[in-house]
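The following exercises concern a predicted model. Each task is followed by a solution in steps.

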Amino acid sequence: MSRPVPLLTAGGLTKAHGRTTALRGASVELHTGEILAVTGASGSGKSTLLHCLAGIVRPDAGSVTYDGRRLEGLPEKRLSELRRTEFGVVFQFGQLIPELTVLDNVALPLLLAGTDRAGARARAGQWLERFGVRGQEDLRPGELSGGQAQRAALARALVTGPRVVFADEPTGALDSLAGEQVMTALIHTARESGTAVLLITHDAQVAAYADREVRLRDGAVAALGVKA
Ligand SMILES: Nc1ncnc2c1ncn2[C@@H]1O[C@H](COP(=O)(O)OP(=O)(O)O)[C@@H](O)[C@H]1O
Ligand SMILES: [Mg+2]
């Protein structure tokens, strides 16, 4: 049987930030429902790769294809629509809006997508409950623990039912127990819903949750490991 077409493909990505070349010819594939760990030393280009794949940053050269669509050919409006509807993003910390309640933070992507307020808040509440953030809906993010805030951030990334979640060291600022809880919540939900996950980490224990690992070195893929 032939291999299925990847959901997301990047080929020969290069990207410079001023004089620093962050990516030099990075190529990667992500299949539907696959959990891919991206590892590599600090400064190896992991975050830049994620930003290019998620359509947040346009690469200088190379191509990103999502579900048959080449991102570099899309106008900004279509790209932002794609990000809103198909992608979810989780960063290391500090991504919840401090002025909004936890519930409204999670409801926000739905409101932006046109869901009515009551419906958005109801769905947001369900996702918070699912991630074990109960009874804290009306607090501000600053009143949550780091682990709770990351689980709320996961809820926000998943609330619209994206096909791909991009997670940039989502447990990097957490202690090991809180990190474990966040990772378990993410992996469990992704497996259940068939959501693909591109997970940046430099924690081998976190990478162990993935189906496959890609290692970056100096802005390119250094080694591909397929687990038995
Ligand atoms: N906005 C930026 N401005 C200047 N240099 C940057 C910027 N973002 C990243 N870099 C540089 O690009 C390289 C790759 O960064 P990054 O993609 O963040 O790597 P990683 O996530 O693996 O630590 C590093 O040398 C970093 O300092
Ligand atoms: Mg990074």
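**Exercise 1. The shell around ligand 1**

Task: Determine which residues surround ligand 1, how they divide into nonpolar, polar and charged, and which element gives the most to the shell.

Solution.
- Step 1. The residues around ligand 1 are H17, T20, A22, A41, S42, G43, S44, G45, K46, S47 and T48.
- Step 2. Sorted by character, two residues of this shell are nonpolar, eight are polar and one is charged. Glycine is counted among the polar residues in this division.
- Step 3. Two or more residues of the shell come from each of the elements β2 (20-30) and α1 (46-53). The largest contribution is that of α1, with three residues.

**Exercise 2. Polar atoms facing ligand 1**

Task: Identify the N or O atoms of G45, K46 and T48 that lie beside oxygen atoms of ligand 1, and state what share of the ligand's area the protein buries.

Solution.
- Step 1. In G45 the atom concerned is a backbone N or O, 3.1 Å from an oxygen atom of ligand 1.
- Step 2. K46 contributes through its side chain, where an N or O atom is 2.8 Å from a ligand oxygen.
- Step 3. T48 likewise contributes a side-chain N or O atom, at 2.6 Å from an oxygen atom of ligand 1.
- Step 4. The ligand taken alone exposes 550 Å², of which the protein buries 58%.

**Exercise 3. The surroundings of R156**

Task: Locate R156 and establish which side chain of opposite charge is nearest to R156 and with which side chain R156 makes a polar contact.

Solution.
- Step 1. R156 belongs to helix α5, which spans residues 146-158.
- Step 2. R156 is buried, and the nearest side chain of opposite charge is that of E99, 9.7 Å away.
- Step 3. A salt bridge requires a separation within 4 Å; R156 has none.
- Step 4. The side chain of R156 does make a polar contact, at 3.4 Å, with the side chain of N105.

**Exercise 4. Positive phi outside glycine**

Task: For D67 and D218, give the value of phi, then decide whether D67 and D218 are buried, partly exposed or exposed.

Solution.
- Step 1. D67 is not a glycine, and its phi is positive, near 50°. D67 sits in the loop between β4 (61-66) and β5 (69-70).
- Step 2. With a relative accessible area of 38%, D67 is partly exposed.
- Step 3. D218, also not a glycine, has a positive phi of about 50°. The loop that holds D218 runs between β9 (212-217) and β10 (220-226).
- Step 4. Exposed means over 50%; D218 has a relative accessible area of 56% and is therefore exposed.

How values were computed
Residues numbered from 1 in each chain as written. Chains lettered and ligands numbered in written order. Predicted model: local features only at pLDDT ≥ 70, side-chain atom pairs only at ≥ 80, totals over all residues. Heavy atoms only, no water. Near = heavy atom within 4 Å. Polar contact = N/O pair within 3.5 Å; in protein donor to acceptor, adjacent residues only side chain to side chain. Areas by Shrake-Rupley, 256 points an atom, 1.4 Å probe, with all protein chains shown as cover. Helix = DSSP H or I, 4+ residues; strand = E, 2+ residues; numbered from the N terminus. Buried < 20%, exposed > 50% of the residue type's maximum accessible area, 1.4 Å probe, protein only. Lys, Arg positive; Asp, Glu negative; His and termini not counted.
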